[in-house]
Amino acid sequence: MHSGAWKQLADLPFLYDYGCGFDFGEEACVVTGSETDAYNKEVYRFNPATKGFTRVPGTFRSAILNPISCTFGGKGYMIGQKSTSWNGIGFEVFDPDNVTVSKLPDYPGTHIVNPCIIADDSVIYAGCGRVATSSSLSWYKDFWKYSPATGKWTHLADCPYNVSFSNQVYIDGRLIFLGNEYAMG
């Protein structure tokens with residue numbers, strides 16, 4: 001089926017669960033939990049010729065259960081909860097050239113959310129997020145930057161809006177966030 005500018009590609013040849021995607025410009029990869037263990041990650045590369053994904057041999061072990069991602073300097077950065085019991089937020093870097101992952105200093109911010117993550121030309125920003133339960137919704141606004149050059153986190157001013165993951169972009173030297181002024185719950 002084809003509708004205007006949209007075209008449906010073939011279904012994914014893998015279960016996309018506990019995963020994230022990386023856009024490396026000329027290459028895109030998806031990292032997803034294996035069928036037997038969400039912490040064993042499999043890698044799939046997008047093949048523009050076939051418009052489908054090809055599995056990269058091997059797996060790697062990640063401490064992050066449910067990653068959120070960005071790319072910076074040809075590498076993929078993943079941040080997210082370490083387990084379902086919220087025992088901290090892990091931070092790792094994925095190297096697409098040799099299909100390895102390395103642990104980085106844990107995210108120092110709020111440890112009960114999956115924060116947003118975005119990179120500009122020199123650093124990686126992370127923070128904010130929300131926790132939803134059946135009876136409430138809590139927003140967190142602490143905001144941090146991570147320098148790959150120094151390997152250190154720095155606390156920045158809190159974000160003035162309620163921001164969750166996957167609603168930010170870096171364009172023309174500016175970080176742009178879609179947020180909500182009002183908290184529910």
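User: How many disulfides does the count come to in this protein?

Analyst: The count comes to 0 disulfides. Bear in mind that this is a predicted model.

User: How do you know that Cys116 is in no disulfide?

Analyst: Take the nearest cysteine sulfur, which belongs to Cys128: it is 4.8 Å away. A disulfide needs the two sulfur atoms within 2.5 Å, so Cys116 is in none.

User: What makes the sulfur of Cys128 too far for a bond with the closest cysteine sulfur?

Analyst: That closest sulfur is in Cys159, at 4.0 Å. Because the cut-off is 2.5 Å, the pair does not count as a disulfide.

User: Why are Cys116 and Cys128 called buried?

Analyst: Buried means under 20% relative accessible area. Cys116 has 0%, and Cys128 also comes out at 0%, so both earn the word.

User: Where is Asp120 placed?

Analyst: You'll find Asp120 in the loop between strand S11 (116-119) and strand S12 (124-127).

User: How do you know that Asp120 has no salt bridge?

Analyst: Good one to check! The nearest side chain of opposite charge is Lys145, 8.1 Å away. A salt bridge has to be within 4 Å, so Asp120 has none, although it is buried.

User: What does the side chain of Asp120 reach at 2.9 Å?

Analyst: There it meets the backbone nitrogen of Val123. In addition, a polar atom of the Asp120 side chain lies 2.7 Å from the backbone nitrogen of Ser122. The cut-off for a polar contact is 3.5 Å, so the Ser122 pair and the Val123 pair are within it.

Definitions and conventions. Residues are numbered from 1 along each chain as its sequence is written. This is a predicted model: local features need pLDDT of at least 70, side-chain atom pairs count only at pLDDT 80 or more; totals for chains, interfaces and linings use all residues. Side-chain values use heavy atoms; hydrogens and water are left out. Helices (H or I, at least four residues) and strands (E, at least two) are DSSP runs, numbered from the N terminus. Buried means under 20% relative accessible area, exposed over 50%, partly exposed in between (1.4 Å probe, protein chains only). Lys and Arg count as positive and Asp and Glu as negative; His and the chain ends are not counted. A polar contact is a pair of N or O atoms within 3.5 Å; within protein, one must be able to donate a hydrogen and the other to accept it, and residues adjacent in sequence count only if both atoms are side-chain atoms.
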